[in-house]
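Me: I would like to go through the ligand site and a few backbone details, with the reason behind each label. Please set each value against its criterion.

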Amino acid sequence: MIRALRVREHEAFPQVYVVEFEDGSERLATVNMAPGIKVYGEQLVNIGGKEYRIWNPYRSKLAGAILKGLKTNPIKPGIKVLYLGVASGTTPSHVSDILGPSGILYGVEFAPRVMREFIEKVAAYRTNVVPLLADARFPSKYAHIVEAVDVIYADIAQPFQSKYVADNADMFLKKGGWIMMAIKAMSIDVTKAPSETYKREMNELEQRGYKVREALHLEPYDEAHAFVVAQKT
Ligand code: SAM
């Protein structure tokens, strides 16, 4: 395995790191909040007494978006995030690393088998993760648990995802807070070309009063996906 040589903080985003390897390559990483524990087979590297988890942009759309030049990343240490569609925890685990012990990630997932994996691999080792077995289309079902949040991160690949994201944001997002949303064109509507679906989803957010601040395509890390950042004004 190629040896890690150095690490530096990402120039724009706190608690996001860039690890330099001896072959000259560089990879994104976060500091492991659960030392020794891997979530999706990622490489762990020790530098300067800290353990970093290499963050794979082909597995995590947020890492892909950062490498594609994302300008706005409101995910910061100590904030509260409502994460819709945690699956088995690939991206949520890195978000949990960034939030650190004073932040909270409320993780919503409706598939029971996947949620069990999320609990076993992620929530069990991390004090800042609250797992919620629930359907993101019905936010009132978890309104008794989730507090007002700074960021809603959505990756549920549902038709009319923006509508459900806006329903959650109306209920839980603080004023000035942020929506980060991955749009999977094909699974949102197979009959529409990707860019049409992206536009429709962004229009829906705008019509609901959320201002789209940034939109990126995720190729080559993820085909036919866009990543959108919007704000509650
Ligand atoms: N965000 C994850 C990551 O980057 O590691 C991957 C998420 S995966 C693409 C989408 C997940 O959303 C699936 O696990 C699926 O079961 C879940 N999902 C889809 N619709 C949902 C809904 N209405 N409520 C809750 N979870 C949902």
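Reply: A molecule sits in a pocket if more than half of its atoms lie within 2 Å of the grid points of that pocket. The model here is predicted, and the ligand sits in the largest pocket.

Me: What makes the pair formed by Asp135 and the ligand a polar contact?
Reply: The cut-off is 3.5 Å between N or O atoms. A polar side-chain atom of Asp135 lies 2.8 Å from a nitrogen atom of the ligand, so this pair is a polar contact.

Me: Which other residues have a polar atom paired with a nitrogen atom of the ligand?
Reply: Ala136 has a polar backbone atom 2.8 Å from a ligand nitrogen, and Asp155 has a polar side-chain atom 2.9 Å from one. Both values are within 3.5 Å, so these pairs also count as polar contacts. As for cover, the ligand on its own has 610 Å² of accessible area, and the protein covers 84% of that.

Me: What makes a residue part of the shell, and how many residues surround the ligand?
Reply: One heavy atom within 4 Å of the ligand is enough. The ligand is surrounded by 18 residues, and Tyr83, Thr91, Glu109, Ala136 and Gln158 are the closest. By class, nine are nonpolar, five charged and four polar.

Me: Which helix gives the largest share of the shell?
Reply: Helix α2, residues 90-99, contributes three residues, the largest share. Thr91 has its place in this helix.

Me: How do you know which residues the record assigns to the binding site, and which of them line the pocket?
Reply: The unreviewed UniProt entry places "binding site" at Thr90, Thr91, Glu109, Phe110, Asp135, Ala136, Asp155, Ile156, Ala157 and Gln158. Of these, the lining of the largest pocket includes Thr90, Thr91, Glu109, Phe110, Asp135, Ala136, Asp155, Ile156 and Gln158.

Me: Why is the bond between Glu219 and Pro220 worth listing?
Reply: Most peptide bonds are trans. The bond that joins Glu219 and Pro220 is cis, with omega about 5°. Pro220 is in the loop between β11 (210-217) and β12 (225-232).

Me: What is listed for the phi of Gln15, and where is Gln15 found?
Reply: Most residues other than glycine have a negative phi. Gln15 is not a glycine, yet its phi is positive, about 65°. The loop between β1 (4-9) and β2 (17-21) holds Gln15.

Key: Residues are numbered from 1 along each chain as its sequence is written. This is a predicted model: local features need pLDDT of at least 70, side-chain atom pairs count only at pLDDT 80 or more; totals for chains, interfaces and linings use all residues. Side-chain values use heavy atoms; hydrogens and water are left out. A polar contact is a pair of N or O atoms within 3.5 Å; within protein, one must be able to donate a hydrogen and the other to accept it, and residues adjacent in sequence count only if both atoms are side-chain atoms. Accessible areas come from the Shrake-Rupley method with a 1.4 Å probe; for residues, only the protein chains shown count as cover. On a 1 Å grid over the protein atoms alone, a cavity is a set of points where a 1.4 Å probe fits but cannot get out, and a pocket is an open set with protein on both sides within 12 Å along at least five of seven lines; lining residues have an atom within 4 Å of a point. Helices (H or I, at least four residues) and strands (E, at least two) are DSSP runs, numbered from the N terminus. Ala, Val, Leu, Ile, Met, Phe, Trp, Tyr, Cys and Pro count as nonpolar, Asp, Glu, Lys and Arg as charged, and the others, Gly among them, as polar. UniProt positions are given in the numbering used here, feature names are shortened, and annotations may be inferred rather than shown by experiment.
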